[in-house]
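Here are some notes to read alongside the model, written as numbered points. Please keep the structure open and find each element as it is named.

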Amino acid sequence: VCVKKRKKQKFRTFSMHVLTLYMVKVYVSSSEIVVNEANFVRKCIGAESCQDDLWGKLVCTNFKVSFIAHNSLPRQCTHRLLGEHDIPLACVEQVVTVNDVKGKQKILGSNQKLKFNPTELILYCKDFRIIRFRFDEAGPESAKKVCLAIAHYSHPADPQLLFGFEYVGKRYHGSTGRKTLMRPVNGVDPGGGLQTPLFDCSSDWDREIKRTGASEWRVCTINQGYFISPSLPEFFVVPVSLADQDLKQYACCFYSQRIPLWCWNHSSGSALVRMSNISDPQQQRKVEQRISSAITKSHPLRSDVFKSDLDKNLPNIQDIQAALLKLRQICVIDSFEESEEKWLSSLESSRWMEYVRTFLRHAVEVVYMLESRHVSVILLEKEDRDLSCVISCLVQLMCDPHCRSLHSFQGLIQKEWVMAGHRFLDRCNHLKRNDKEESPVFLLFLDCVWQLWNQYPAAFEFTEVYLTVLGDSMWVPVFSTFLFNCPRQRAEHSRDFASSKSIHLGQDQALCFPPVWDWSQQFSLKDQTLFNNPLYVGKIATCVQNGTVKTFTHRRSKKNYSSTLRGLPSALRNGSLGPNDTLTRRNSLMLRLRSDLSQVREQQETPSERFVRDFFSRPVDLQGLLLPQLLPSHLSVWKLYFLRWVPEAQIPQGGPITAFHKLSVLTDEIEMLQNQLRQYQGAAGTPNNLHAEHSKMYFKATSTPHQSPAPPEYLSSSFPFSPVGNLCRPGILGTPLSKLLNGAKIWLSTETLANETI
């Protein structure tokens, strides 16, 4: 036994030397610095036994918590900045240390002391992961130090301590000293492929004005140098009839001097505008009339302006944060086995799905005003930096097919979130200063987009994987997109950091932080093909029928899928409830059914309900207007984001990824056959290996079209994120809840049944 122990110890020592050499290669080559580490750490995979646990080294750097395992696992999609067992420090929500012997537990913060030697470390992450490490064989002092280091470096005191500054600063230094970095062009490095507009220059806004036909609007430059408003971009769009002098005069009347911003123009000439509240009550009437008059003049029909007060009609940021915390509790913290009977009702009581539905419904109301009544709409919010970002983007996604392509969707986020001054630094709480300011507004928006995508998958160029990766990128504080509260803050902090590091900035006088849209920073070209939707029907998508090229469009069946039950009232069949409608309680089910039925029959259909009903009575044009179904049974849980780390929710060799695999192979095979057809038609000299290099699909067809390639062994419903579990729970296989998680259709609750059984 002693000989075996010595051999085991020698093997571990040798393994640690190899891992140390590997770490030097990984970390020193970049701007990462190893702060602390602990050897012989066990990462817990299962709760009942440790036979599936992983052994390795736990490392804390100035960027991430890294676990280097002795035994590597099969990899799926490789992240260039993060390994499979890495957690960015900004993603760590809470650090909890445990001592089993003394029965003690402590939540660690920055600069705190730890009086006991930890036997276990639990990391609660913002991306819904819970990760446990055991220090049974690690040195007690090294275990304590690495826990304190993780707690300290995950709570930076200043924005310039975020790793993004070190990451970008490193790019400015060559081996010979100072170096000026070229500015990225429209979201990608010079020489890249398709470009994403950043809307940080007047030309991007000019193109958007021309694209939407907003001839009565102009690019305004009065905020250059951020002299008028600290949170607005240097360039934005205003009505032609508003002179710069008038805008300067009115700016002081708005909260944070945020002058009304143009978002988008409908083909009818109606404009979508966002505006903060007027802080001066004495000037409110005068300024509102002047702004409304200018917007009216910009309309070809001189139609009225409709004001939509978002603060009154939508939940606030504290409500959204509370809903996410409850959702996280039931998705990853509570034991599924113990809470199975109440899981669905708990999901509903979190109100997250209700808020998603509320935002989608309000966006539909704005679409009705623009599309049917042909009036311009002003989105009113106190500071115009949170709720208006969600609604303005959803409206454009529903109305404008241009925004549903990958690069245009990225430009939409850049325009309505980044440049418009959404407080990503505060809402993501990267500095963990004020929990009251934290709110997952952007994640709620992505969930709303996913609901649209889930109902009309062929209308979007991107995939569910892309949306999930985009949500994860908030916790990688390297990119300018999610690192600052506004463009001015980025410029000021970059100048200060450059001055402290003696970095020559050149003409731009600011560090060139890479936008998240340069996906080559995170993924290889092959992995980026996971973003391409094989079902997408674009404007120029064509098919060949009997030698004739025809436009390929989807036609929806006339069958009504709003409900499988008979006798559904028209108001509910439209997928909408009235603003005062609430879900009934279980003990009043029959009373609600009887009262609702009589009220609906007597109630007259409103113009907006008629607009929605008319939309769903026609075949859907995927390159036209899209409205979401809004009944509770039409909204699904975004399982790939919220449940991907739950082993019980994973479906080996199954789930939506199997359909994605088959569609990708089919699409790739069609493209291969089209290339061969073009060669037969006279495109001589085209290399035969172009297909292998330029395929847009992650899963490719075989060289023989008639042979269907088998899916990879590691394929699961959580692809491409986690091949192994990171949470510890008893199994729930075979239970009704597991069937729901695996895709079975189960009513969300008795309340939902009440809304649909009439």
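**Notes on a predicted model**

1. A good place to begin is a pair of helices: the axes of helix 10 (residues 352–371) and helix 14 (residues 441–455) come within 10 Å and cross at roughly 70°. Because an angle from 65 to 115 degrees counts as roughly perpendicular, helix 10 and helix 14 are therefore described as roughly perpendicular to each other. On the side of helix 10, the contact is made by Trp352, Met353, Tyr355, Val356, Phe359 and Leu360, while helix 14 contributes Leu443, Leu444, Asp447, Cys448 and Gln451. Please bear in mind here, and in every point below, that this is a predicted model.

2. Helix 12 (residues 406–418) allows a simple check of its length, since at 1.5 Å a residue its 13 residues should span 18 Å, and its end C-alpha atoms are 17 Å apart, which agrees. How many of the 13 residues of helix 12 are buried? The count is 12, so helix 12 is largely enclosed by the rest of the structure. Among the buried residues are Leu406, Phe409, Leu412, Ile413, Trp417 and Val418, and the list also includes Gln410, Gln414, Lys415 and Glu416.

3. Turning to the strands, an open sheet is formed by four of them in the order 13-14-16-15, with mixed pairing. Strand 13 (261–265) and strand 15 (305–309) stand at the edges, and each has a single partner strand, so one side of each is left without a neighbour in the sheet. From one strand to the next, the twist averages 25°.

4. Within this sheet, strand 15 pairs with strand 16 (residues 376–381) in the parallel sense, over five bridges. To follow the pairing residue by residue, one may start from Phe306, whose bridge partner in strand 16 is Val377. Helix 6 (residues 281–297) packs on the sheet, where it touches strand 14 (271–276), strand 15 and strand 16, and the direction of helix 6 makes about 125° with that of strand 15.

5. Finally, these elements should be placed in the whole protein chain, which has 25 helices and 18 strands. Of the 758 residues in the protein chain, 54% are buried. The protein chain exposes about 34700 Å², of which carbon and sulfur atoms supply 52%. Among the contacts in the protein chain with a separation of 6 or more, 73% are accounted for by residues 24 or more positions apart.

How values were computed: Residues are numbered from 1 along each chain as its sequence is written. This is a predicted model: local features need pLDDT of at least 70, side-chain atom pairs count only at pLDDT 80 or more; totals for chains, interfaces and linings use all residues. Side-chain values use heavy atoms; hydrogens and water are left out. Two strands pair if DSSP finds at least two bridges between them. Helices (H or I, at least four residues) and strands (E, at least two) are DSSP runs, numbered from the N terminus. Axes are lines fitted to C-alpha atoms, for helices over the stretch in contact, and angles run from 0 to 180 degrees between N-to-C directions. Contact means heavy atoms within 4.5 Å. Buried means under 20% relative accessible area, exposed over 50%, partly exposed in between (1.4 Å probe, protein chains only). Accessible areas come from the Shrake-Rupley method with a 1.4 Å probe; for residues, only the protein chains shown count as cover. The expected span of a helix is 1.5 Å times one less than its number of residues. Angles under 35 degrees count as roughly parallel, over 145 as roughly antiparallel, 65 to 115 as roughly perpendicular and the rest as oblique.
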